[in-house]
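Q: Please take a close look at one spot in this model. Then work outward from there, and keep it brisk.

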Amino acid sequence: MSAREQWIAFLTLMVKEIRRFTRIWQQTLLPPAITIALYFVIFGTLIGPRIGSMSGFTYMEFVVPGLIMLAVITNSFGNVVSSFFGSKFAGNIEELLVSPTPNYIILSGYVLGGVTRGLTVGFIVTLLSLFFTKLQIQHWGVTIAVVILTSVLFSLAGLINAVYAKNFDDISIIPTFVLTPLTYLGGVFYSVSLLPEFWQKVSLLNPVLYMVNAFRYGLLGVSDIDVRWAFLMLSCVIAGLFIFSLHLLKNGKNLRS
Amino acid sequence: MNSDLPALHIKGLTKAYDNGFQALKGVDLDVMPGDFFALLGPNGAGKSTIIGIISSLVRKTSGLVSVFGHDIDRDFPRAKKDVGVVPQEFNFNQFEKVFDIVVTQAGYYGLPRKLAEQRAEKYLRRLGLWDKQDQRSRMLSGGMKRRLMIARALVHEPRLLILDEPTAGVDIELRRSLWDFLREINEQGTTIILTTHYLEEAESLCRRIAIIDQGLITQDTTTRELLAQLDKEVFVIDTREALESCPQLDGYGTQLIDSHSFEVVVEKGQSLNDLFAPLTARGIHVSSLRNKANRLEELFLSLVNGGSPSADSPPTTSGLKEGGP
């Protein structure tokens, strides 16, 4: 395929992915907005004032970056895993596999679909947060870079999960037993400085901690970790997942017999 | 592009699945440009495996496959551009609109949006689906879904169209209209390979036929030559008057079916004309005459069962579906 043909194939897949989640917005965009709004109400407005300040900010201000990242992570992952596995399950992934579209275009198209949904939900949640608190973004570049890289990382993870999944149970195991614990224990609701020293060190093994804190640094200017480590970790993990995803597509793992 | 190159060239193709099943044991096959080619074989013979390998959904174990000279090992993307595949199972997104499914497929082949829309309209119109363009595909009837898969496979205008059981489960009228459509695009230059259980379909449409059995090609010849191997056929004769007993005809084997019909075995070299004089002499008036089994079916069964075509092949069609009325 020429570069132009590959570009057309990429746009086709990306538009198809975006159309998919916008067509079913009641399932893809509305629920996370409602869930996160409830977090804002409960943790920010009802419980937050009793908690007091955290890292020098009101609890509501502190929790907003984490909740935005929670929405971005779960929706980026969820979009790709459900779309790719759905296509595999229904058989229409074959439309792509029989075409001359290169694997890296297939991968990029699905990932960009996941990133678009993750960022869309993140934007909606950010708008909702403005009803509860004021946001003054401290570092625009860091904020935008971290949220995009995080979304890319979890979109890639979603695709890998979908490739390995053989039934619908398999696409709920990772979000339930891996993603949710990592996210909830990744500094979304608290500063790791509150933890005993041992658990602070254990928390440093959690990649989500770096993403949430880097994003919080971009928004509020405070972080439990060095933001440079966050970017290094994000870049390395994305590169690793991208190569591994391409390897899976090339070998046709669970796609070609 | 050299027009002498086969549309499809397969040499020594083998496939062993992970569970150890050897689906293909060294298939050699050439399909020339412009051919209308049938690949016949019982279930599990390896037909779909061959199609899967050509379309990249199945990885071959060994052997060579090239499409219009493009080796799939060296340049599969180029080879894929020349191939359109209509799979046996419906495999489009049931929630997408008919028009979008075809346009999206064109996009995967790198067709610009405007051209993709023009092609989608062209093929949806030709296949009688244009008025359904805005419908979700799950709302279509089975026959419409089948036509949608053909439109989708044609949207990038491949030079080789492969259809895996294209008329399975469609009614007779639609089957005939699909046959007409396939003949038309074949006359316009598209090479067609089809697998089918309706052997009448292969006999009616295809100029060449290959028979695959247990992973090996056992026959690869013209339809005419294949049928010439038949050295006897069984005809059913319906009579106007009731028969008291089975008419005995010199040189022909006969068997009574019911009071108004009997079957007669006509061997190679015998003429049907010679049947009528003795029947007329006995006051038996023939109201209709038909082949008991599809000729190709009879031959097919004898070939895949390991016997010669002249062996006492059953004139019934057990395991196969009757093609037409």
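A: Leu39(B) is buried, because 27 other C-beta atoms lie within 10 Å, and the cut-off is 20 or more. The model is predicted. Leu39(B) belongs to strand β3 of chain B, residues 36-40. Which residues is Leu39(B) in contact with, leaving aside neighbours within four places in sequence? Lys47(B) and Ile50(B) are two of them. Ile193(B), Thr195(B), Ala210(B) and Ile212(B) complete the list. There is also a link across the sequence: the C-alpha atoms of Leu39(B) and Asp164(B) are 9.3 Å apart, although 125 residues separate the two along the chain.

Now step back to the chain around it. The domain assignment splits chain B into domain 1, residues 8-227, and domain 2, residues 231-292. Their C-alpha centres are 42 Å apart.

Next, helix α2 of chain B, residues 72-81. Its buried residues are Ile72(B), Ala79(B), Lys80(B) and Lys81(B). Two lysines are in that list. The cover over these buried residues includes three strands of chain B: β4 (62-67), β5 (70-71) and β6 (83-86).

Helix α3 of chain B, residues 98-108, is mostly covered. Nine of its 11 residues are buried. Among them are Val98(B), Ile101(B), Val102(B) and Val103(B). Thr104(B), Gln105(B), Ala106(B), Gly107(B) and Tyr108(B) are buried too. What do they pack against? From chain B come α4 (113-126) and α5 (142-154). From chain A come α1 and α5. Just after α3(B), Gly110(B) has a positive phi of about 85 degrees.

That brings in the other chain. α1(A) and α3(B) pack at an angle of about 145 degrees, and their axes are 7 Å apart. On the α1(A) side, Ile8(A), Ala9(A), Thr12(A) and Lys16(A) take part. They meet Thr104(B), Gly107(B) and Tyr108(B) of α3(B). By class, this contact has three nonpolar, three polar and one charged residues.

How many residues of each chain are in contact across the whole interface? The count is 21 residues of chain A against 24 of chain B. On the side of chain A that touches chain B, α1 (3-23) and α5 (93-97) are the elements that give two or more residues. α1(A) gives the most, with six. By class, this side of chain A has eight nonpolar, eight polar and five charged residues.

Then the core. Nonpolar side chains tend to be buried together in soluble globular proteins. Here the largest nonpolar core has 140 residues. Leu67(A), Met211(A) and Ala151(B) have the most contacts inside it. Helix α4 of chain A, residues 59-90, gives the most to this core, with 17 residues. Ala151(B) touches Val102(B), Tyr123(B), Leu124(B), Leu127(B) and Leu129(B), not counting residues up to four places away in sequence. Val102(B) is one of the buried residues of α3(B).

Last, an open sheet in chain B. Four strands run in the order β12-β13-β11-β14, with antiparallel pairing. β12 (253-258) and β14 (286-291) are the edge strands, and each pairs on one side only. Neighbouring strands are turned by 25 degrees against each other on average, direction ignored. Inside the order, β11 (232-239) and β13 (261-267) run antiparallel and are joined by seven bridges. In one of these pairings, Lys232(B) has Glu267(B) in β13(B) as its bridge partner.

Key: Residues are numbered from 1 along each chain as its sequence is written. Chains are lettered from A and ligands numbered from 1 in the order in which they are written. This is a predicted model: local features need pLDDT of at least 70, side-chain atom pairs count only at pLDDT 80 or more; totals for chains, interfaces and linings use all residues. A nonpolar core is a set of buried Ala, Val, Leu, Ile, Met, Phe, Trp, Tyr and Cys residues joined through C-beta atoms within 7 Å. A residue is buried if 20 or more other C-beta atoms lie within 10 Å of its own, exposed if 12 or fewer, and partly exposed in between; C-beta atoms are placed from the backbone. Two residues are in contact if their C-beta atoms, placed from the backbone, lie within 7 Å. Ala, Val, Leu, Ile, Met, Phe, Trp, Tyr, Cys and Pro count as nonpolar, Asp, Glu, Lys and Arg as charged, and the others, Gly among them, as polar. Axes are lines fitted to C-alpha atoms, for helices over the stretch in contact, and angles run from 0 to 180 degrees between N-to-C directions. Domain bounds come from an automatic or database domain assignment. Two strands pair if DSSP finds at least two bridges between them.
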